Amino acid sequence: MTRTVRCKINGRETETAVDVRASLTDMLRNEYRLTSVKKGCEVGECGACNVIINGECFNSCIYLAVWADGKEITTTEGLISASGELSALQQAFIDEGAVQCGFCTPGFLMSAQEIIDSGKEYSDEELRRLLSGHLCRCTGYENIFRAVRKVTKAAHKAG
Ligand code: FES
Ligand code: FES
């Protein structure tokens with residue numbers, strides 16, 4: 001059985017018919033070729049598939065595609081500016097050496113973006129806890145933490 005899902009993805013209105021059992025990960029990857037959304041554990045434990053839905057980060061592997069109807073979704077592709085420039089967050093990941101194989105990176109970026117968008121100032125300990133839902137098999141945690149800390153600090157100075 002299929003159902004039509006209309007939603008805004010990375011600022012663009014979309015519409016497609018999906019299997020009612022399909023995950024949002026599958027819809028984003030298969031219908032829209034948004035391959036930054038990674039398939040890791042597929043049971044909500046590693047964070048590789050994280051996307052932002054109406055301002056909140058979710059594991060898209062355990063989120064049904066049909067639930068996305070009427071919602072606004074952002075993936076890592078949506079962080080890039082219209083002119084093709086990387087966001088400050090993406091650049092910080094590069095500058096701090098926070099990307100190794102890169103498999104976990106889009107999920108981390110989405111959680112970090114949610115943190116930045118919250119406008120709240122977090123302690124190092126809180127920030128580590130907020131990022132703790134992600135697994136990085138290359139164990140680049142310290143560099144990832146540094147990249148996110150750098151951008152949250154800069155956002156607060158600017159604000
Ligand atoms: S693939 Fe979704 S949490 Fe691991
Ligand atoms: S950079 Fe390889 S899994 Fe994190």
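A residue is called buried here if 20 or more other C-beta atoms lie within 10 Å of its own. By that yardstick, 37% of the 159 residues of the protein chain count as buried. Keep in mind that this is a predicted model. The chain carries 5 helices and 5 strands, and much of what follows is about how helices H2, H3 and H5 sit against one another.

**Overall layout**

- Walking along the sequence, you meet the elements in the order β-β-α-β-β-β-α-α-α-α.
- The C-alpha trace spans about 50 × 30 × 25 Å along its principal axes.
- The radius of gyration is 16 Å, and that agrees with the value near 15 Å that a compact globule of 159 residues would have.
- Take the contacts with a separation of 6 or more: 57% of them join residues that are 24 or more positions apart.

**H2 against H3**

- Helix H2 covers residues 88-95 and helix H3 covers residues 105-118; their axes come within 10 Å and cross at roughly 130 degrees.
- That angle makes H2 oblique to H3, and the crossing is right-handed.
- On the H2 side, the contact is made by Leu89, Gln90 and Phe93, while H3 brings Thr105, Leu109, Ala112, Gln113 and Ile116.
- Sorted by class, the residues of this contact come out as 5 nonpolar, 3 polar and no charged.

**H3 against H5**

- H3 also has helix H5 (residues 141-158) as a partner, with axes that come within 10 Å and cross at roughly 25 degrees.
- Angles under 35 degrees count as roughly parallel, so H3 is roughly parallel to H5.
- H3 passes H5 in a right-handed crossing.
- From H3, the contact uses Phe108, Ala112, Ile115 and Ile116; from H5, it uses Ile144, Val148, Val151, Thr152 and Ala155.
- This contact divides into 8 nonpolar residues, 1 polar and no charged.
- Ala112 and Ile116 are worth picking out: they take part in the contact of H3 with H2 and also in the contact of H3 with H5.

**H2 against H5**

- H2 and H5 close the set, packing at an angle of about 140 degrees with their axes 8 Å apart.
- That makes H2 oblique to H5, and once again the crossing is right-handed.
- Here Ala88, Leu89, Ala92 and Phe93 of H2 meet Ala147, Lys150, Val151 and Ala154 of H5.
- The tally for this contact is 7 nonpolar residues, no polar and 1 charged.
- Leu89 and Phe93 turn up in the contact of H2 with H3 as well as in the contact of H2 with H5.
- Val151 of H5 plays a similar double part, since the list for H3 with H5 includes it and so does the list for H2 with H5.

**A closer look at Gln90**

- Gln90 lies in helix H2 and counts as buried, because 22 C-beta neighbours fall inside 10 Å.
- Leaving aside residues up to four places away in sequence, Gln90 touches Leu79 and Leu109.
- Leu109 belongs to the H3 side of the contact of H2 with H3.
- Asp69 is another story: Gln90 and Asp69 are 21 residues apart in sequence and 28 Å apart in space, C-alpha to C-alpha.

**H1 and the strands**

- Helix H1 (residues 24-31) has Leu24, Thr25, Asp26, Met27 and Leu28 buried.
- Those buried residues pack against strands E1 (2-9), E2 (12-19) and E3 (50-53).

**Positive phi angles**

- Most residues other than glycine have a negative phi, so a few spots deserve a second look.
- Arg33, just after H1, takes a positive phi of about 55 degrees.
- Glu42 has phi near 60 degrees, a positive value in a residue other than glycine.
- You'll find Glu42 in the loop between H1 and E3, where it is partly exposed, with 16 other C-beta atoms within 10 Å.
- Thr139 is not a glycine either, yet it has a positive phi of about 55 degrees.
- The loop between helix H4 (124-130) and H5 holds Thr139, which counts as exposed with 10 C-beta neighbours inside 10 Å.

Note on methods. Residues are numbered from 1 along each chain as its sequence is written. Chains are lettered from A and ligands numbered from 1 in the order in which they are written. This is a predicted model: local features need pLDDT of at least 70, side-chain atom pairs count only at pLDDT 80 or more; totals for chains, interfaces and linings use all residues. Axes are lines fitted to C-alpha atoms, for helices over the stretch in contact, and angles run from 0 to 180 degrees between N-to-C directions. Helices (H or I, at least four residues) and strands (E, at least two) are DSSP runs, numbered from the N terminus. Angles under 35 degrees count as roughly parallel, over 145 as roughly antiparallel, 65 to 115 as roughly perpendicular and the rest as oblique. A crossing is left-handed if the near helix is turned anticlockwise from the far one by less than a right angle, and right-handed if clockwise. Two residues are in contact if their C-beta atoms, placed from the backbone, lie within 7 Å. Ala, Val, Leu, Ile, Met, Phe, Trp, Tyr, Cys and Pro count as nonpolar, Asp, Glu, Lys and Arg as charged, and the others, Gly among them, as polar. The radius of gyration is taken over C-alpha atoms; the globule rule is 2.2 Å times the number of residues to the power 0.38. A residue is buried if 20 or more other C-beta atoms lie within 10 Å of its own, exposed if 12 or fewer, and partly exposed in between; C-beta atoms are placed from the backbone.
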